[in-house]
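Trainee: I'm new to this one and keep tripping over the labels. Could we go through what earns each of them?
Mentor: Sure, let's pull it up.

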Amino acid sequence: MKKRIITAWLCFFVLVGLFPTNTYALSCAQPLAVDQAYDRYDAVVVATVDEIIRRKQHNELQLTILNSFKGVEERKLTVAEDLTWGTSQKGEQYLYYLMKKDGSWENPLCSPMQKAVNSYTSLSYLKDKEITLKQKVVPAETNKTNWAVIAISIVLLGAAGAGIGYSVYVVRSRRNKD
């Protein structure tokens with residue numbers, strides 16, 4: 001009986017020693033330090049989520065960039081985010097760490113993305129790395145076609161032409177009678 005109890009306790013301690021103290025579902029579950037994340041990702045921006053469009057394989061985020069610290073100079077950006085694990089919400093501001101994948105931007109699953117209001121320490125590190133965004137291009141006033149004005153002009157020109165044509169017809173018919 002004593003041998004069984006001792007064997008059970010021995011097995012228990014051996015098995016407890018084999019299990020890790022912490023387990024993570026993803027290999028990237030441990031967050032990176034800000035400087036490591038800055039080096040790892042292709043772009044670091046603070047942006048407002050304007051729109052979230054659901055696609056078959058992912059969500060498409062329409063972002064307005066407020067501050068860029070790496071990789072992006074445009075004010076508008078389209079970013080893919082995981083359909084299941086994506087946490088972005090429309091109207092919120094986030095600090096995004098983005099990757100360039102096949103020519104498009106992606107908010108990867110393991111990105112240390114966080115709400116901008118909660119990212120004071122990260123933004124303190126990034127403040128000296130801010131890059132200038134391209135100025136918003138205001139297009140010169142374009143000539144918009146006003147179809148109503150065109151239609152009214154055609155009708156008026158047609159009526160004037162018909163009036164002139166009728167006048168010429170009446171004058172010629174009177175001359176031919178004389």
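Mentor: Start with a term: buried means under 20% relative accessible area, exposed means over 50%, and partly exposed lies in between, using a 1.4 Å probe and protein chains only. Keep in mind that this is a predicted model, where local features need pLDDT of at least 70 and side-chain atom pairs count only at pLDDT 80 or more, while totals for chains, interfaces and linings use all residues. Residues are numbered from 1 along each chain as its sequence is written, and side-chain values use heavy atoms, leaving out hydrogens and water.

Trainee: Why is serine 88 called buried?
Mentor: Serine 88 has a relative accessible area of 10%, and the limit is under 20%, so serine 88 counts as buried. Across the chain of 178 residues, 22% are buried.

Trainee: Where is serine 88 found?
Mentor: In the loop between β3 and β4. Strands are DSSP runs of E with at least two residues, helices are runs of H or I with at least four, and both are numbered from the N terminus. The chain has four helices and six strands, in the order α-α-β-β-β-β-β-β-α-α.

Trainee: What makes the link between the side chains of serine 88 and glutamate 81 a polar contact?
Mentor: The term needs a pair of N or O atoms within 3.5 Å; within protein, one must be able to donate a hydrogen and the other to accept it, and residues adjacent in sequence count only if both atoms are side-chain atoms. Here the value is 2.7 Å, which fits within 3.5 Å. Serine 88 also has a side-chain polar contact of 2.7 Å with tyrosine 96.

Trainee: Which residues does serine 88 touch, not counting those up to four places away in sequence?
Mentor: Among them are Val49, Ile52, Leu61 and Met113. Contact means heavy atoms within 4.5 Å.

Trainee: What makes a group of residues a nonpolar core?
Mentor: They must be buried Ala, Val, Leu, Ile, Met, Phe, Trp, Tyr or Cys residues, joined through side-chain atoms within 4.5 Å. The largest such core has 16 residues, and Leu63, Ile65, Leu77, Tyr96 and Leu98 touch the most other members. Two or more residues each come from β1 (43–54), β2 (58–70), β3 (76–82) and β4 (93–101), with β1 giving the largest share, four residues.

Trainee: And which residues does leucine 77 touch outside its sequence neighbourhood of four places?
Mentor: Leucine 77 touches Leu61, Gln62, Leu63, Ile65, Val72, Leu98 and Trp105.
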